[in-house]
Amino acid sequence: MRVVAALCLAGLTLLVTFQVVARYGIGSVPIFTEEVARYAMIWMSLLAAAVGVREASHIRIDFVPGLLEGVAPRLNLVLEAVLDLVSLTGFLVLIWYGVDMVMFAAGQTSEGLRLPLSYPYLAVPVSFVFAALFAFLRLKERVARS
């Protein structure tokens with residue numbers, strides 16, 4: 001996922017650079033470049049979010065867990081497990097609504113490329129399936145440690 005997200009970022013960077021050069025150099029920009037760049041940004045950010053869940057590298061306020069870690073390590077494990085369970089629940093809801101979005105967009109096509117809109121919308125359920133899997137594995141590991 002990290003490689004795919006990095007490729008999306010590279011493609012996004014190249015397309016936006018090409019857009020700027022074409023706009024000011026040629027005076028015209030192919031219509032597909034903005035659309036492909038937008039889809040690359042969507043896939044990149046959502047796949048990177050799933051990687052962030054796997055590596056526990058999202059921004060968070062860890063004052064209470066940090067305080068509990070030294071005073072009551074067992075209670076800290078319970079708190080971390082509850083937070084993982086809340087995250088997992090949120091990811092499952094996002095999968096549910098993401099599939100609903102993909103189904104809704106299935107009959108529509110994009111303006112420039114005439115690509116089925118279900119392709120960019122598919123980034124939501126795919127990314128959050130991975131995020132849910134990573135949250136579940138972390139939760140399972142915490143329960144095994146306690």
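Two residues are in contact here when they have heavy atoms within 4.5 Å of each other. Keep that in mind for Ala 105, which, leaving aside its neighbours within four places in sequence, is in contact with Leu 117, Ser 118 and Tyr 121. Ala 105 itself sits in helix α4, and because its relative accessible area is 1%, it counts as buried. What you're looking at is a predicted model, so read every value below as computed from that model.

Let's step back to the whole chain. The protein has six helices and zero strands, and from the N terminus on the elements simply run α-α-α-α-α-α. The radius of gyration is 20 Å, well over the 15 Å that the globule rule gives for 146 residues, so the protein is more spread out than a compact globule. You can see this along the principal axes too, where the C-alpha trace spans about 65 × 35 × 20 Å. Of the 146 residues, 32% count as buried. The accessible surface comes to about 9500 Å², and 72% of that belongs to carbon and sulfur atoms.

How do the contacts spread along the sequence? Take the contacts with a separation of 6 or more: residues 24 or more positions apart account for 68% of them. For a feel of distance in space, go back to Ala 105: its C-alpha atom and that of Ala 50, 55 residues away along the chain, are separated by 23 Å.

Now to the inside. The largest nonpolar core has 24 residues, and those with the most contacts within it are Val 53, Phe 91, Phe 128 and Ala 131. Helices α1 (2–26), α2, α4 and α6 are the elements that give two or more residues to this core. Phe 91 is a good residue to click on: not counting residues up to four places away in sequence, it touches Val 53, Phe 128, Ala 131, Ala 132 and Ala 135.

Next, the charged side chains. Side chains of opposite charge can pair when their charged atoms come close. How many salt bridges are there in the protein? With a cut-off of 4 Å between a side-chain nitrogen of Lys or Arg and a carboxyl oxygen of Asp or Glu, the count comes to six.

One of them stays within a single helix. Glu 34 pairs with Arg 38, with their closest N and O atoms 3.4 Å apart. The two are four residues apart in helix α2, which means that about one helical turn separates them. Glu 34 counts as partly exposed because its relative accessibility is 47%, and Arg 38 gets the same label at 37%.

Another bridge reaches across the chain. Arg 142 forms a salt bridge with Glu 80, the closest N and O atoms being 3.5 Å apart. This pair links distant parts of the chain, with Arg 142 in helix α6 (residues 123–145) and Glu 80 in helix α4 (residues 73–105), 62 residues apart. Are these two buried or exposed? Arg 142 is buried, at a relative accessible area of 13%, and Glu 80 is buried as well, at 7%.

The same two helices are joined by Asp 84 and Arg 138, which form a salt bridge with their closest N and O atoms 3.5 Å apart. Asp 84 lies in helix α4 and Arg 138 in helix α6, so this pair ties together parts that are 54 residues apart in sequence. Both Asp 84 and Arg 138 are buried. Salt bridges that share partners join Glu 80, Asp 84, Arg 138 and Arg 142 into one network. Arg 142 also touches Leu 77 and Ala 81, along with Glu 80 and Asp 84, when residues up to four places away in sequence are not counted.

On to the loops. Most residues other than glycine have a negative phi. Ala 56 has a positive phi of about 50° although it is not a glycine, and it is found in the loop between α2 and α3. Arg 114 has a positive phi too, of about 60°. Arg 114 lies in the loop between α4 and α5 (118–121), and it is exposed, with a relative accessible area of 53%.

Finally, look at the surface. Ile 61, Phe 63, Val 64, Leu 67 and Val 71 form a nonpolar patch there, with about 590 Å² of accessible area together. Ile 61 lies in the loop between α2 (31–55) and α3 (63–71), and at 78% relative accessibility it counts as exposed.

Methods:
Residues are numbered from 1 along each chain as its sequence is written. This is a predicted model: local features need pLDDT of at least 70, side-chain atom pairs count only at pLDDT 80 or more; totals for chains, interfaces and linings use all residues. Side-chain values use heavy atoms; hydrogens and water are left out. Patches are made of residues with over 30% relative accessible area and no salt bridge: like charges are joined within 9 Å, nonpolar side chains (Val, Leu, Ile, Met, Phe, Trp, Tyr) within 5 Å. Accessible areas come from the Shrake-Rupley method with a 1.4 Å probe; for residues, only the protein chains shown count as cover. Buried means under 20% relative accessible area, exposed over 50%, partly exposed in between (1.4 Å probe, protein chains only). A nonpolar core is a set of buried Ala, Val, Leu, Ile, Met, Phe, Trp, Tyr and Cys residues joined through side-chain atoms within 4.5 Å. The radius of gyration is taken over C-alpha atoms; the globule rule is 2.2 Å times the number of residues to the power 0.38.
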